[in-house]
Amino acid sequence: NLKAVIFDLDGVITDTAHLHFRAWRTVAGEAGIDIDETFNAGLKGISRMESLRRILCHGGKENAFDNEQQQALAQRKNTLYVQSLASLTRDALLPGIRQLLHDIRLANVKTGLASVSLNAPRILSALDMGAAFDFCADAAQIARSKPDPAIFLAACQGLGVRPQEAIGIEDAQAGIDAINAAGMLSVGIGDDLRHADLQLSSTTELTWRCLSGFWVDKHQ
Ligand code: G6P
Ligand code: MG
């Protein structure tokens, strides 16, 4: 039986990708590296330090900054990003999400969060969603970024369910790969995702009816 639905945050609950992009573009620009939206799409679901490594590689500057300088660049990006979060209110919740979380609870299924963002608690409280999930995996305890399944496995463990009893929802390829590697059923939101067990174009289609029907279909 389905026991839990585990959500990614950025791109599933709310859309912060453009805020991450603006902050990274500024910091990359200061380091003499140009990044565009297409490159940024590949950073979805990737942790802060791993994102920085990819940006430096992209600009051919992987050896130009020592550890301490890299920490400073990541810190600077985060300061800009956190400043931009001031614009986030409960209206920034993506369509259908509040109703979906309500309906999942009514069905006695647990809800979890599996975001590698260290800002997840701050974002949840800005959205007024601090109490919306039964368990939020702590990104600070996770050493490996998605596509490693660690964060989803931590969420399953915190909820007391087996991965085979859970659905994971993601907007990033690294996230879909993480869910599949965890042994959960995967739901992809958006276009150009590969290997999602169910693919939806936006959260508007993401209803409890759709999720519960999908689960039954896969277990016949
Ligand atoms: C999410 C976003 C990524 C971001 C990561 C870490 O996965 O999709 O773009 O790099 O969180 O976020 P943080 O808030 O810890 O820098
Ligand atoms: Mg995401």
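Here are some short exercises on this predicted model, each with a worked solution.

Local features need pLDDT of at least 70 and side-chain atom pairs count only at pLDDT 80 or more, while totals for chains, interfaces and linings use all residues. Residues are numbered from 1 along each chain as its sequence is written, and chains are lettered from A and ligands numbered from 1 in the order in which they are written.

**Exercise 1. Find the order of the strands in the sheet, and the strands at its edges.**

Step 1. Take strands as DSSP runs of E with at least two residues, and helices as runs of H or I with at least four, numbered from the N terminus. Two strands pair if DSSP finds at least two bridges between them.

Step 2. Follow the pairing: 6 strands make an open sheet, ordered β3-β2-β1-β4-β5-β6, with parallel pairing.

Step 3. Look at the ends. β3 (135-136) and β6 (198-200) each have a single partner strand, so one side of each has no neighbour in the sheet.

**Exercise 2. Trace the bridges from β1 through β4 to β6.**

Step 1. β1 and β4 run parallel and are joined by 4 bridges; here I6 has G168 of β4 as its bridge partner.

Step 2. Another 4 bridges link β4 to β5, again in parallel. In β5, L185 is the bridge partner of I167, and S186 is that of G168.

Step 3. From β5 (residues 185-189), 3 bridges lead to β6, and these two strands run parallel. V187 stands opposite L198 in β6.

**Exercise 3. Work out how β4 and β5 are covered, face by face.**

Step 1. Fix the scale: a residue is buried if 20 or more other C-beta atoms lie within 10 Å of its own, exposed if 12 or fewer, and partly exposed in between, with C-beta atoms placed from the backbone.

Step 2. Recall that in a regular strand the side chains alternate between the two faces of the sheet.

Step 3. In β4, 5 of the 5 residues are buried: A166, G168 and E170 on one side, I167 and I169 on the other.

Step 4. In β5, 5 of the 5 residues are buried too, so this strand is largely enclosed by the rest of the structure. L185, V187 and I189 cover one side, S186 and G188 the other.

Step 5. Add a helix: α8 (residues 173-182) lies across β4 and β5, at about 165° to β4. Such angles run from 0 to 180 degrees between N-to-C directions, with axes fitted to C-alpha atoms, for helices over the stretch in contact.

**Exercise 4. Locate the annotated binding site and describe D10 and E170.**

Step 1. The unreviewed UniProt entry annotates D8, D10, E170 and D171 as "binding site". They span 164 residues in sequence, yet no two of their C-alpha atoms are more than 8.8 Å apart, so they gather at one spot. Such annotations may be inferred rather than shown by experiment.

Step 2. D10 lies in the loop between β1 (4-7) and α1 (17-30), and counts as buried because it has 22 C-beta neighbours inside 10 Å.

Step 3. E170 lies in strand β4 (residues 166-170) and is buried, with 29 such neighbours inside 10 Å. Beyond four places in sequence, its contacts (C-beta atoms, placed from the backbone, within 7 Å) include D8, V12 and S186.

Step 4. Turn to ligand 1: among the 15 residues around it, D10, R48, S117, L118 and N119 come nearest, where being near takes a C-beta atom, placed from the backbone, within 6 Å.

How values were computed:
Contact = placed C-beta atoms within 7 Å.
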